[in-house]
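Trainee: Please pick one part of this protein and take a close look at it with me. I'd like one connected story that starts there and works outward.

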Amino acid sequence: MEGSLPHGRLDACSVTALTPHSAKQFILDNTALMASPHVPEIVLRLADEAHDLWQRTEDELVEIGLPPPFWAFAWAGGQGLARYVLDNPDMVRGKRVLDFASGSGLVAIAAAKAGAAQVIAADIDPFCATAIRLNNEANGVGIEFLGTDCIGTDAGWDVILAGDVFYDKSFADSLMPWFATLKARGAEIFVGDPGRSYMPKAGLEPLAVYEVAVTRALEDSLVKRTTVWRFA
């Protein structure tokens, strides 16, 4: 995203380092409530083209105590997966759903709107707790937040949803045995992915393909061809 935020905002945030508890005003100041392009039924607090939240230097983000703000963007895999959930509500209706690496909470909100009995949005970024709460309230749904690393755990979820999780090799390698274990005991696992580098090459059934509008500054493209997969 081009341009920069008004310096006053950054200075104001730099006076006192952000904490997850003080994040609400920062999120409100640096995002706008808008619909994601591929899922217009859902509104999120997102950084728009006028807010270069992602483009700030790493030093700036560290100074204000903010990890990379994945929660401020509707990534292609998540948009595709959320679209599929809304269009196929039977996959989650009445079920216990985990939205893994939830970010903005987009996919979790889609699951709640589709009639899931319980939705847990899991993300280890503590700022996601505030971002997801704001997005949850904006959409009038009820989702829970889990801020601990749940890889390797099993709380009996019926469905696991995961968008854009295969961007890092070590992370992807840790996911596959966990997903396999959950699948073996009967859970259904669905992944939204626009061709990330470490997407598995086998054991997946393609369910739908979407052309998803994205931000060029983040994805080097205006549209990403995104596939929703089911672990077979």
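**A close look at one loop**

Mentor: Let's start at A101, which sits in the loop between β3 and α5. Keep in mind that we're looking at a predicted model, so the numbers here are all computed from its atoms. What catches the eye at A101 is the backbone: phi is positive, about 55°, even though the residue is not a glycine. On accessibility, A101 falls in the middle, since its relative value of 28% lies between the 20% and 50% cut-offs and therefore counts as partly exposed.

Now look at what A101 faces. A101 is one of the residues nearest the centre of the largest pocket, along with F70, G103, D123 and Y167. That pocket has a volume of about 690 Å³, and its lining takes in 33 residues. Three elements give two or more residues to that lining: β3 (96-100), α5 (106-113) and α8 (216-219). So which kinds of residue make up the lining, in terms of nonpolar, polar and charged? The split is 20 nonpolar, six polar and seven charged.

One of the charged ones is a good next stop. D123 lies in the loop between β4 and α6, and A101 is among the residues that D123 touches. Setting aside residues up to four places away in sequence, the full set of D123 contacts is A101, S102, G103, C128, F145, L146 and G147. Is D123 buried or exposed? With a relative accessibility of 14%, D123 is under the 20% cut-off, so D123 counts as buried even though it is one of the residues nearest the pocket centre. The link to G147 also shows up in the backbone: the two residues are 24 apart along the chain, yet their C-alpha atoms are separated by 5.3 Å.

Follow the contact from D123 to C128 and you go further inside. C128 has a relative accessibility of 1%, so C128 counts as buried. C150 is another buried cysteine, at 3%. In case you're wondering about sulfur bridges, a search of the whole structure finds zero disulfides.

C128 is also one of the contacts of W71, and that takes us into the packing. Ignoring neighbours within four places in sequence, W71 is in contact with F26, I27, T31, R45, L53, L66, G103, S104, D125, F127, C128 and A131. G103 turns up in that list, and G103 is also among the residues nearest the pocket centre. In the largest nonpolar core, which has 53 residues, W71 joins L66 and L161 as the ones that touch the most other members. Several elements supply at least two residues each to this core: α2 (23-30), β2 (39-46), α4 (76-87), α5, β4 (118-122), α6 (127-139), β6 (159-163) and β8 (204-213). The top contributor is α5, with seven residues. So α5 serves both the core and the pocket lining. There is also a second, separate core of 22 residues, and C150, F171, F179 and A187 are among its members. As background, nonpolar side chains in soluble globular proteins tend to be buried together.

Since α6 came up, take T130, which is found in that helix. T130 counts as buried at 7% relative accessibility. Beyond its sequence neighbours up to four places away, T130 touches P20, A23, K24 and I27. I27 is a shared partner, because W71 contacts it too. T130 also has H21 at 7.9 Å, C-alpha to C-alpha, although the two are 109 residues apart in sequence.

For a companion to the backbone at A101, go to D164, in the loop between β6 and α7 (169-184). D164 is another non-glycine with a positive phi, near 60°. Unlike the partly exposed A101, D164 is buried, with a relative accessible area of 11%.

Stepping back, the protein has eight helices and nine strands, and buried residues make up 51% of its 232 residues. Of the contacts with a separation of 6 or more, 68% are between residues 24 or more positions apart. The D123 and G147 pair, at 24 residues apart, sits right at that threshold.

Notes. Residues numbered from 1 in each chain as written. Predicted model: local features only at pLDDT ≥ 70, side-chain atom pairs only at ≥ 80, totals over all residues. Heavy atoms only, no water. Disulfide = S-S within 2.5 Å. Buried < 20%, exposed > 50% of the residue type's maximum accessible area, 1.4 Å probe, protein only. 1 Å grid on protein atoms, 1.4 Å probe; cavity = no way out; pocket = protein on both sides within 12 Å on 5 of 7 lines; lining within 4 Å. Points joined across faces, edges and corners; volume = space filled by probe spheres on them. Helix = DSSP H or I, 4+ residues; strand = E, 2+ residues; numbered from the N terminus. Nonpolar A, V, L, I, M, F, W, Y, C, P; charged D, E, K, R; others polar. Core = buried A, V, L, I, M, F, W, Y, C linked by side-chain atoms within 4.5 Å. Contact = heavy atoms within 4.5 Å.
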